[in-house]
Amino acid sequence: MNLPYAESYKIKVVENLHRSSREEREQWIRQAKYNLFNLKSEQVFIDLLTDSGTGAMSDRQWSEMMTGDESYAGATSYYKMKSAIKNIFGFPYFLPTHQGRAAENVLFSVMVNNGDVVPGNAHFDTTKGHIEYRKASAVDCTIDEAYDTQIEHPFKGNLDLHKLEETLKAYPARRIPFIVVTLTCNSSGGQPVSMENLRGVHALARKYGVRVLFDSARFAENAYFIKIREEGYQDVSIRDIVAEMYQHADLMTMSSKKDAIVNMGGFIGFRDEDLFRQASVYNIMFEGFITYGGMSGRDMNALAQGLYEGTRFEYLDTRVRQVGYLGQRLEELGVPVQKPFGGHAIFVDANQFLPNLPREQFRAQTLAVELYLEAGVRAVEIGTLLADRDPETRENRYPELELLRLTIPRRVYTNNHMNLVAVALKNVYDRRDQITRGLKIVREAPIMRHFTVELERH
Ligand code: F0G
């Protein structure tokens with residue numbers, strides 16, 4: 001008999017979870033104004049809101065925390081992080097920041113100006129927010145296949161090189177500060193970008209004299225998919241794949257809360273010394289001195305260790321398999337989910353789940369509320385609320401995909417938790433015809449509204 005697969009780590013510390021009754025959850029979600037970000041964590045049984053900063057650090061990372069150097073300038077922890085970034089990505093210069101969006105804020109303060117255009121693959125919301133805040137615009141060049149949840153394509157994060165070239169042709173190079181490639185592409189479903197595509201983007205960027213920026217939050221999961229899906233990479237190590245990927249980038253922003261498996265942290269990686277110097281000014285203004293930039297020494301130590309652990313094949317294999325396990329269970333139960341399964345999350349297709357609910361009533365958010373009521377599972381809307389309003393017309397933007405993201409924290413839950421989530425969603429699916437009332441907005445922020453929006457039942 002073949003041995004079944006088992007996780008590549010064991011559990012050393014546990015945290016107790018709180019179960020609740022449906023009546024309690026009814027009351028709590030009403031008090032939270034139907035926005036799951038407003039729930040207290042103890043009102044949640046299984047928390048799949050995000051995989052960002054919610055992972056379990058290893059014993060090695062915790063031991064690194066104890067030896068952090070808290071010197072204001074020139075801490076050994078800074079040099080540990082610098083060496084990990086050089087070893088793994090090959091970037092000679094970096095700036096630490098407190099998280100990914102802070103890296104965007106610092107870098108875009110130097111590079112993005114009023115009227116600029118930033119092509120990319122379904123920019124993440126903070127990335128788009130930081131572009132639009134500077135009165136520049138994000139142009140989505142993702143391949144069309146990404147917008148059909150049922151098409152099986154191994155690299156749905158890919159950029160359409162034709163769309164990209166059309167955009168590069170349409171504007172002078174000085175209006176295009178960089179092309180953003182998001183690895184894996186969160187907004188299109190945790191979908192990877194192939195090495196071939198990275199090569200193609202880089203070649204076009206060189207042809208038109210434009211830089212390439214990798215939004216790197218889930219770079220290691222992207223490398224894992226290249227290893228298992230792209231011809232010629234089966235026998236290449238994750239570390240070598242990552243090194244090759246980053247030969248096609250001039251810059252990187254990193255939210256270390258994902259693939260570096262830390263609770264807080266980020267950085268910007270540079271090849272260009274001059275840009276690094278310019279960005280250092282903003283880093284000092286917004287984040288902190290250039291050798292800590294919003295992070296404590298112990299956090300930089302844990303981050304450096306996390307980058308090495310996060311690029312181990314055994315770890316990534318366990319990680320991505322667990323996400324796939326949840327996807328398979330849901331598929332067996334008939335729940336419409338995005339295919340192929342992403343690296344950090346399973347995305348439920350709310351347009352297929354609740355087709356009769358008007359889009360103006362926020363299908364994916366309605367589904368998030370129903371799943372919470374069913375079993376205390378907190379997921380997150382990746383749909384109309386997240387898409388914000390059009391900055392010009394102020395109308396709701398209805399994205400092609402209306403998704404409910406079940407985001408799996410790293411090394412935190414077991415497959416029994418995944419089973420519970422799958423059955424909870426199946427129960428909601430079975431009563432979907434009775435879900436006839438969606439939600440309406442009572443209050444919203446002008447940008448990135450989904451975090452704080454207040455809603456009521458329609
Ligand atoms: N880029 C990507 C692709 C992301 O997924 C995120 C965060 C960021 C940048 C910003 O990083 O949160 O450290 O400031 N994504 C989280 C999520 C919030 O839930 O997907 P941050």
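The exercises below, each with a worked solution, concern a predicted model of a protein.

**Exercise 1. Describe the overall build of the protein, from its secondary structure to its compactness.**

Begin with the secondary structure, which comes to 16 helices and 14 strands. Next, take the radius of gyration, which is 21 Å and close to the 23 Å that the globule rule gives for 458 residues, so the protein is as compact as a globular protein of that length. Along the principal axes, the C-alpha trace spans about 60 × 50 × 45 Å. Turning to burial, 59% of the 458 residues count as buried. Finally, among contacts between residues at least 6 apart in sequence, 73% join residues that are at least 24 apart.

**Exercise 2. Work out how helix α8 is placed against helix α12, and which residues meet there.**

Helix α8 covers residues 219-229 and helix α12 covers residues 313-332, and the two pack with their axes 10 Å apart at an angle of about 90°. Angles of 65 to 115 degrees count as roughly perpendicular, and α8 and α12 are therefore roughly perpendicular to each other. On the α8 side the residues in contact are Ala220, Glu221, Tyr224, Phe225 and Lys227, while α12 contributes Phe313, Leu316, Asp317, Arg319 and Val320. Sorted by class, this contact of α8 with α12 has 6 nonpolar and 4 charged residues, with no polar ones.

**Exercise 3. Find where the partners of the salt bridges Arg410 with Glu221 and Lys163 with Asp144 lie, and decide whether each residue is buried or exposed, or in between.**

In the bridge between Arg410 and Glu221, the closest N and O atoms are 3.0 Å apart. Arg410 belongs to the loop between β12 (403-407) and α16 (415-430), whereas Glu221 sits in helix α8, so that this pair links distant parts of the chain, 189 residues apart. Both Arg410 and Glu221 are buried.

In the second bridge, the side chains of Lys163 and Asp144 meet at 2.8 Å, N to O. Here Lys163 is in helix α6 (residues 161-170) and Asp144 is in the loop between β4 (137-140) and α6, which places them 19 residues apart. Buried means under 20% relative accessible area and exposed means over 50%. Because its relative accessibility is 24%, Lys163 counts as partly exposed, and because that of Asp144 is 52%, Asp144 counts as exposed.

**Exercise 4. Compare the accessibility of Arg449 and Glu444, and name the residues that shared salt-bridge partners join into one network.**

Arg449 and Glu444 form a salt bridge whose closest N and O atoms are 2.9 Å apart. Arg449 counts as buried because its relative accessibility is 0%, while Glu444, with a relative accessible area of 27%, is partly exposed. The network consists of Arg22, Glu26, Glu370, Glu374, Arg431 and Arg457, joined by salt bridges that share partners.

**Exercise 5. Locate the cis peptide bonds before Thr184 and Pro340, and the positive phi values of Lys33 and Lys135.**

As background, most residues other than glycine have a negative phi, and most peptide bonds are trans. The bond from Leu183 to Thr184 is cis, with omega near -25°, and Thr184 lies in the loop between β5 (179-182) and α7 (195-208). The bond from Lys339 to Pro340 is also cis, with omega near -15°, and Pro340 lies in the loop between α12 and β9 (345-349).

Phi of Lys33 is near 55°, and this residue is in the loop between α1 (22-31) and β1 (46-47). Lys135 has a positive phi of about 60° and lies in the loop between α5 (125-133) and β4. Lys33 counts as partly exposed at 37% relative accessibility, whereas Lys135 is exposed, with a relative accessible area of 58%.

How values were computed:
Residues numbered from 1 in each chain as written. Predicted model: local features only at pLDDT ≥ 70, side-chain atom pairs only at ≥ 80, totals over all residues. Heavy atoms only, no water. Axes fitted to C-alpha atoms, helices over the stretch in contact; angles between N-to-C directions. Helix = DSSP H or I, 4+ residues; strand = E, 2+ residues; numbered from the N terminus. Parallel < 35°, antiparallel > 145°, perpendicular 65-115°, else oblique. Contact = heavy atoms within 4.5 Å. Nonpolar A, V, L, I, M, F, W, Y, C, P; charged D, E, K, R; others polar. Salt bridge = Lys/Arg side-chain N within 4 Å of Asp/Glu carboxyl O. Buried < 20%, exposed > 50% of the residue type's maximum accessible area, 1.4 Å probe, protein only. Rg over C-alpha atoms; globule rule 2.2 N^0.38 Å.
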